[in-house]
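Colleague: Please take one part of this model and go through it closely. I would like to start from strand pairing and then move on to the ring side chains around it.

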Amino acid sequence: MVVDFAITCLSASYGSCSSSTDFDLLNHGGTAAGVEVVDPNGRRVYRVVRDGQDRPFTSALSGVGPDVGAPAQLAWAVFPVPPQSVSSVDVLFPQGGPQISGVPVTQGAGPSATALGPGVVAAEAAPFAEPLGSTSTTGLKLSALALSSTVGNPAASVTQTPQQATVTLSADVLFAFDQSTLTAVAQGELIQLAARLRIGADGLVKVTGYTDSIGPDTVNQALSAARAQSVVAALIPKVRGAPITFQAAGDGANDPVAPNSNSDGSDNPAGRALNRRVTITYSTTKPVAPLAPPSSTAKVPAGTTKRTVRLSAPGGSSLGTSSYAITVQNLSRSGGFVVLQLTLTCTGRTGEFSTIGCASGDDFAAEGLGFPPVAANLNPGGMKVSGVVNDANTASAIYLTDPETMQDYGAVHDSTGVPLSGGIDPNMHTGYTWPVWEYFAAPPPSTTSMTVVLPDDASGIIVPIPAA
């Protein structure tokens, strides 16, 4: 399968575009090796064919051009052929490039310079063992990988009646053992809880902490109360302006939801884990108001919704704090996925490395494969300690949640652990804007809105936006 496209340099800091590096991967300069193809219905990603020397089968993109305003340069990249039932695919471009859905798969030899009109530069030959059009696959690496996404929320459960809702959060996710300080993962859980409260809660919100039966009652009572207070303190700035008040209380080991010990008197660790929890109970009689239209007056294509928020990402004392303006452009369905499109603008950075711009490579990349994901720079120590290389310089720490069910949707990954997320400049200069796309498993067709959860501890709440 050959993807044909044309490159036109619209703007550049130094008078010409760096197409020889902008379309490649880290070690294949001068090619379009970074282009990917996704079958959103078959849930597979296709990557550029390579030969035995790991050379990508794409047209060459030599030099540092083209210049701004120069003729369009044709280019192509070869991929493993999908099943004949695949009639369209999504084409993904690297380095902040676009995500284009619904590109038809047709029979043909591809465009030519004459077909596209005058002022077009023909594609260059590939640095490859086989000529374009060859049907031989001997010795070639054909990469067609299955895609999967983590969906669920083992940390939270929701029970609801027409009058009242109760959200139960696992204390083992919210806190370290015997502690009342919220973990980095807890911040993501509370962001989505706050979005739920802002939409549906009215009046008093009761937050109650519970422990298991291990330890003295006085210690359990104090710990459960301190944990409830920590949750309330974190929620208050996230729901500013909502017509709700909080009441925090601790109930220690009372009211267990599972046995702390088995019938023979032995310990029941699984039951005790269920009893270590924080519940949030509120009235659901508030009428749900429709979402306000975007405040921006900029022209937005039909079917999109713009929301802009500010985010500050602490990177530890030596890294300083990076600040961003994040604008969600669109959340749209594509086969079995939804695609999030947003832009990141670096608005400044403090600390020792402030002159090199925001630490965006770590601020939005997930630290390991935990779920829900946590950004590398939001670890308790403020430093990247064991990050997965495959997630570096991506938006894999951003995830979605259903505000009704509180189900989390993590970024789609391929079978080698690489996230299906557009790359991010690891050090964005102040004032630069970087477009990002990211794939997630599609929620049920009845779900009409999702919440975008950012790697932030307070201000990164984005109201639900249409998912269709």
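**The open sheet and its surroundings**

Modeller: Three strands, in the order β1-β4-β7, make an open sheet with mixed pairing. The edge positions belong to β1 (2-7) and β7 (120-121); each has a single partner strand, so one side of each has no neighbour in the sheet. Two strands count as paired if DSSP finds at least two bridges between them. The strands themselves are DSSP runs (E, at least two residues), as are the helices (H or I, at least four residues), and both are numbered from the N terminus.

This is a predicted model, so local features need pLDDT of at least 70 and side-chain atom pairs count only at pLDDT 80 or more, while totals for chains, interfaces and linings use all residues. Residues are numbered from 1 along each chain as its sequence is written, and side-chain values use heavy atoms, with hydrogens and water left out.

Strands of a sheet pair through backbone hydrogen bonds, either parallel or antiparallel. Between β4 (residues 72-78) and β7 the sense is parallel, over two bridges. One of the bridged residues is Ala72, whose partner in β7 is Val120.

Strand β4 also carries a ring. Before that, the rule: rings of Phe, Tyr and Trp (its six-membered ring) pair if their centres lie within 6.5 Å, and planes under 30 degrees apart count as stacked, over 60 as edge-to-face and the rest as tilted. The count by this rule is seven aromatic pairs. One of them joins Phe23 and Phe93, edge-to-face, at 6.2 Å centre to centre with 85 degrees between the planes. Phe23 lies in the loop between α1 (19-22) and β2 (36-39), and Phe93 in the loop between β5 (88-92) and β6 (99-104), so this pair links parts of the chain 70 residues apart. Phe23 is buried because its relative accessibility is 16%; Phe93, at 9%, is buried too. Buried means under 20% relative accessible area, exposed over 50%, and partly exposed in between (1.4 Å probe, protein chains only).

The ring on β4 is Trp76. It pairs with Phe57: the ring centres are 5.8 Å apart and the planes stand at 80 degrees, so this pair is edge-to-face as well. Phe57 sits in the loop between β3 (44-50) and β4, so the pair ties together parts 19 residues apart in sequence. Phe57 and Trp76 are both buried. Ring pairs also join Phe5 to Phe23 and Phe93 in a cluster.

Beyond this sheet, β16 (residues 321-334) and β17 (residues 337-349) pair in the antiparallel sense over 12 bridges. Leu331 has Leu340 as its bridge partner in β17. Two residues separate the strands of this hairpin, and Gly335 takes a positive phi near 60 degrees there.

Rings also meet charges. A charge sits over a ring if NZ of Lys or CZ of Arg is within 6 Å of the ring centre and within 35 degrees of the ring normal. The charged end of Arg43 is placed over the ring of Phe337, 5.5 Å from its centre. Arg277 does likewise over Tyr210, at 3.9 Å.
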